[in-house]
Amino acid sequence: MSIAEVFGKARTENRALLIGCMPAGFPTVDDSIASMIAMHESGCDVIEVEMPYSDPVMDGPVIQKASDIALANGVRTRDTLRIIEAVASAGATVVLMTYWNPIEKYGVNAFARDLAAAGATGMITPDLIPDEAAEWIAASDEHRIDRTFLVSPSSTDERIAMTVAHCRGFVYATALMGVTGARTSVSSQAPELVDRVRHANPDMPVGVGLGVGTGAQAAQVAGFADGVIVGSALIRCVLEAPDRANGLNRLRALSAELAEGVRNPA
Amino acid sequence: MSAPTLPDLSGHFGRYGGRFVPEALVRALDELDAAYRTAKTDPEFQAQFTDLLLNYAGTPSLLYRAERLSEKLGAEILLKREDLNHTGAHKVRNVLGQALLAKRMGKPRVIAETGAGQHGVASATAAALLDLECVVYMGETDTERQALNVARMRMLGATVVPVTNGSRTLKDALNEALRDWVASVDTTHYLLGTAAGPHPFPEIVRDFVGGIGIEARQQCLDQIGRLPDAVAACVGGGSNAIGIFHAFVPDEGVQLYGFEAGGDGVATGRHAASITGGSSGVLHGARTYVLQDEDGQTVESHSISAGLDYPGVGPEHAWLHDTGRAEYEPVTDAEAMAAFQLLCRTEGIIPAIESAHALAGAAKIAPLLRDELGRTPTILVNLSGRGDKDVHTAGAYFGILDPVETLVPGEQE
C-alpha cells in the first residue's frame, strides 16, 4: 500500500497510524530484517528504515549507537536497499529515512529508481530542506517516491506552508526542539505545530516524532496527529536485549503496546 | 567569477555551500543572517569590532620579511604574523566578531566545537570578555592530546564537554555542537570555528577574518611597493586561508595556494586533504569537498596537526578550486615538520604545525615560481598561529624530550 492509502485506511478506522523506525543492518542485515518484520507483524503500520550514516546530527545517542554498530558491521547502501526489498516483500509499507550525502553519492536519480524498485513508497530527508531539493524533487517525481520533509516548532508559518507544499504522502513534525530519543513526557509544542500544519494544508497527513516511547504517549500523540513515529524506544529493545530472541520479543511487545495506544487516542 | 560577490543570497558558491541542515535550524540561520546583514553596515557594530581588534587582539598583525628563511628558500618570504595575536592565532578575529554578534542578538550563551583546542580557547576568551556563557565540545581523543588547552578553557570559565561518540575528534565535536544547537537555539549562538558549515557561516567567518588579507595587501604595498607573486596558507576547514586569500582574489597577478594536510601521503589514505584527496559531497551543513567512502560515509582524517585534522573544507575553497582561481596541494606531515624546524632555526619563530604546512608549501612552490617568473619570487605566507600548543607533539616527533616526557598524553604506549 502507498502511504496515502495507509493513512486513508487508518482514517476510516478512526485511528492514528504507527510508524516504527529501525536502522538498516543493525546489528546485522539479517537481524534488522527480522526486527522490521516482527514490528510489522506486531502492529507497526509503516516501517521506517533508517540508513546508517557516519554523522547523524539529528539523532540522539540511541540511534547514533545503533548506526555506529551497523556501520562497524559493514552495512552498505546496497544492503539497505536489499533490506527494504525483503521487508516490503513481507507485506509491509516501507519508507526510508536518510541523511542526504549517501544519496548524493549514489546518484540522486539512480537512487530514486532503485528505491522504488526495492518497494519503498517514500523517503524522509532529515537534513535536506526543500530549498536545496530541486534534484530530489525531480527524481522522486519521476520514480513516484513520496517525499517527506520535516517541520519544526521553530519553523515560521511561511516555511511550514512551503515545506508542506513540497511533501507528498505525509509531513514529519518534529515535536520538540532537539534530537531523537524517548522522553518522559510528550512535548507541549507538538499539538500547536500540528495545528499550524493543518492550517497550511488540512489534507496533508502529519506524523509526529521525537520523544514517543510508551503506549500511553502514543495514545496522547494519536489524539492530535495522523501518525505516531517511534524510533529510539524500539531500537533500545534490541540494543538492551541479552540475545536476539529476547530482543524480538521485546520489539513485538512494545510494537503491540504502541499499536494499542494509537487505537485509543487520549 | 570574482568571489567578492559570492555567496549568492541563498548561500551558494556555484554548486557549493548552501544549507543541508535539519529544518529546526533554519530559523536560527535566518536570524543570524539577518543580524549579520544589519551589523555589516552598522557603524556602531563595526566600530566595536575594530576597537576590539586594535586594542584587545593586537591587530593589525605585523608583516615580517623573513631574511634568513628567504635565503634558504630562494624566494622573498613575507610572513603575516597572525601568531602574534592575542590567543596566538588568527582565530581571535572570528570569535570576537561572532561573540559581538551573539550579544547583538541577545543570546547569553555560545557553544563551540574545537579540535586542537585553539578555537575553543579563543571562544572561551571572547566569552569571558563579553560575559557570555560558553560550552565547548571537544572530541575525547583531542581532550587527551591537548590537555593544556582544556585547562586554559576551564580557567577562562568555559565548560568543556568531551565527546565520546564516533571517532571522538573534531567532526564528532561538530556533530555534538549541532545537536546542542538544535535544542537550544533560542538562547544560544553557535560560534562556528571555521569558514565552513551552513550559510551564512562561511560568509560571516570569511568576513571576520578577512582583515588578514586586507592588512597584508596594504602592508605589501607600503613595505615593498607591490603585491606578492603568490599567497600561501594552510587549509583545514580553511578560515585562515580564506582570510588571507579574499582580498587578493581580484588581483589576477597574485597566485593563491592552499596547502592541505597530506598526513602520511594522499596515496596512503591517511591524510586530511579534502580537496586533493576527497570528492564532492555534503557534510556539516554544506556541499563541499569531503573525505568519504563510495557510500558517502565520512572517512576519518589523519594529520599530525590537530587543527587541520578534519574531513571537510569550507565551500568557498571548493569553489576557488573548481574555478582555478586558487590551487590546492597536499603537504605531508614530514614536509610540514621539516618546515617547522627550519623556521625555528632560521627565524627564531616556533610556528603552529598548521602554519608549518603553509611554510612547507611555500618551499615547494618557490623554485617553480622562480622558473616561471625568471626572477626571485615574493611569497606571502600566512603564519596563522604560534606553536606553543604543539611543543609536546613536535618534541616527541623530533625525539628531543626526556624519555619520561616522550609519551604524548593520552597515547597508549
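How many salt bridges does the count come to over all chains? In this predicted model, the count comes to 47. The views below pick out a few of them.

**View 1. A:Asp79 and A:Arg82 pair up within helix H4 of chain A.** These two side chains form a salt bridge, with 3.6 Å between the closest N and O atoms. Both residues belong to helix H4 (residues 77-89), and they sit 3 residues apart, or about one turn of the helix. Look at how each partner is covered: A:Asp79 has a relative accessible area of 12%, so this residue is buried. A:Arg82 comes in at 45% relative accessibility and therefore counts as partly exposed.

**View 2. A:Arg113 meets A:Asp114 in a salt bridge.** Here the N to O distance is 2.9 Å. With 44% relative accessibility, A:Arg113 is partly exposed.

**View 3. A:Arg168 reaches A:Asp146 in a salt bridge.** The closest N and O atoms of this pair are 3.3 Å apart. This one links distant parts of the chain, with the partners 22 residues apart. A:Arg168 lies in the loop between helix H8 (157-166) and strand S7 (171-174) of chain A, while A:Asp146 belongs to strand S5 (residues 146-148). At 29% relative accessibility, A:Arg168 counts as partly exposed, whereas A:Asp146, at 13% relative accessible area, is buried.

**View 4. Over in chain B, salt bridges join up into a network.** The acidic side chains taking part are B:Asp33, B:Glu203, B:Asp207 and B:Glu316. Linked with them are B:Arg37, B:Lys40 and B:Arg206.

Note on methods: Residues numbered from 1 in each chain as written. Chains lettered and ligands numbered in written order. Predicted model: local features only at pLDDT ≥ 70, side-chain atom pairs only at ≥ 80, totals over all residues. Heavy atoms only, no water. Salt bridge = Lys/Arg side-chain N within 4 Å of Asp/Glu carboxyl O. Helix = DSSP H or I, 4+ residues; strand = E, 2+ residues; numbered from the N terminus. Buried < 20%, exposed > 50% of the residue type's maximum accessible area, 1.4 Å probe, protein only.
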